[in-house]
Number of protein chains: 2
Amino acid sequence: MAFRHPDRDQIRIEDVLSALGNGVRLSVVRVLDAGGEHNCTSVLNTLGITAKSTMTHHWRVLRDSGVIRQQPSGRENLLLLRREDLDARYPGLLDAILSGARADEALERGDRSP
Amino acid sequence: MAFRHPDRDQIRIEDVLSALGNGVRLSVVRVLDAGGEHNCTSVLNTLGITAKSTMTHHWRVLRDSGVIRQQPSGRENLLLLRREDLDARYPGLLDAILSGARADEALERGDRSP
DNA sequence: GCGATTGTTCGACAATCGGAGTACAGTAGG
DNA sequence: CCTACTGTACTCCGATTGTCGAACAATCGC
């Protein structure tokens, strides 16, 4: 199963933003950013529930927008955050978004010390 | 006409990203960031066409997500980018997005020197 | 007050989105 | 080979999105 990923130069910020403008997908990126090797089910489990077919839909959005890379390996699909490409095209964007997401979560939990 | 704007602490990055994950709205923010006083029609004219009612829809999305402030003044609505609030909540985000949008545009025009 | 300007509200519409179930394909391991 | 596992493809559904025209409200200038 060969997936079509956009080249670095084909990534558009509009697509990246709308891809990440969704709670589930933003969480996925946060999980991938946290490190470790991930396949579809590992992320799916980390995030709680959600049907496989639903996630396949989100993988496609994230893949098409250039946020993640999906690498078939055996019977799994390894999921990789395309940090280098994103940092090259949009310096500081990913970090700002990830910090922002963490800050939002802290604020929603009512934390006083972020 | 009193608009309901979210407080700084009510802004959520997910909403900001999905608001800006749209070409028209991203352009609006770029126009507002460029400076100068703007009302609805001035932005509408800068952007080319588009019906008034369509823009009213986009204003609402931008307003609800906390990206812009809409300030009634006489028979106009002044439009303001909430840069201070966004910078406070998400340092570097707005600049990264705006630079990214400019870079995308340059790349699409085929510029060699951004 | 009258007409022009500014922008919202409302309703309609097609298109897309997010979610899910089922079926299917490829691989690994016994 | 047969079964379990991983994940996609396909299809369906309701909700949301983006666009627009028409009607309305408020304000300004005359």
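Let's start with a single pair of residues: D104(B) forms a salt bridge with R89(A), and their closest N and O atoms are 2.6 Å apart. The model you are looking at is a predicted one, and this pair is a good place to enter it.

The bridge between D104(B) and R89(A) has company, as four salt bridges are found across the interface of chain B and chain A. Polar contacts can be counted here too, and there are 10 residue pairs in polar contact between chain B and chain A, both residues of each pair being at pLDDT 80 or more. On the chain B side, the elements that give two or more residues to the surface touching chain A are α1 (13-20), α2 (23-33) and α6 (93-109). The largest share, eight residues, comes from α6(B). Sorted by class, this side of chain B has 12 nonpolar, six polar and six charged residues.

Now step back to the interface as a whole. Chain B brings 24 residues to the contact, and chain A brings 24 residues. The size of an interface is often given as the accessible area lost when the parts come together. For chain B and chain A the buried area is about 1900 Å², and carbon and sulfur atoms give 64% of that.

A record adds some context for chain A. UniProt lists residues 5-101 of chain A as "domain: HTH arsR-type", in an unreviewed entry. Over residues 5-101, chain A is 57% helix and 12% strand, and the end C-alpha atoms are 25 Å apart.

Next, turn to the DNA. Of the 24 residues around DNA strand C, the ones that come nearest are S53(A), H58(A), T41(B), K52(B) and Q70(B). Sugar and phosphate make up 61% of the atoms of DNA strand C that come within 4 Å of the protein.

Which parts of the DNA do individual residues approach? A polar side-chain atom of S53(A) lies 2.7 Å from a base oxygen of DNA strand C. For T41(B), a polar side-chain atom lies 2.7 Å from a phosphate oxygen of the strand, while C40(B) has a backbone N or O atom 3.1 Å from a phosphate oxygen. The elements that give two or more residues to this surface are α4 (52-64) of chain A, along with α3 (40-46), α4 (52-64) and β3 (76-81) of chain B. Five residues, the largest share of the surface near DNA strand C, come from α4(B). By class, the residues of this surface divide into five nonpolar, 13 polar and six charged.

Terms used: Residues numbered from 1 in each chain as written. Chains lettered and ligands numbered in written order. Predicted model: local features only at pLDDT ≥ 70, side-chain atom pairs only at ≥ 80, totals over all residues. Heavy atoms only, no water. Near = heavy atom within 4 Å. Polar contact = N/O pair within 3.5 Å; in protein donor to acceptor, adjacent residues only side chain to side chain. Helix = DSSP H or I, 4+ residues; strand = E, 2+ residues; numbered from the N terminus. Nonpolar A, V, L, I, M, F, W, Y, C, P; charged D, E, K, R; others polar. UniProt positions renumbered as here; feature names shortened; annotations may be inferred. Contact = heavy atoms within 4.5 Å. Buried area = accessible area lost by both parts, 1.4 Å probe. Salt bridge = Lys/Arg side-chain N within 4 Å of Asp/Glu carboxyl O.
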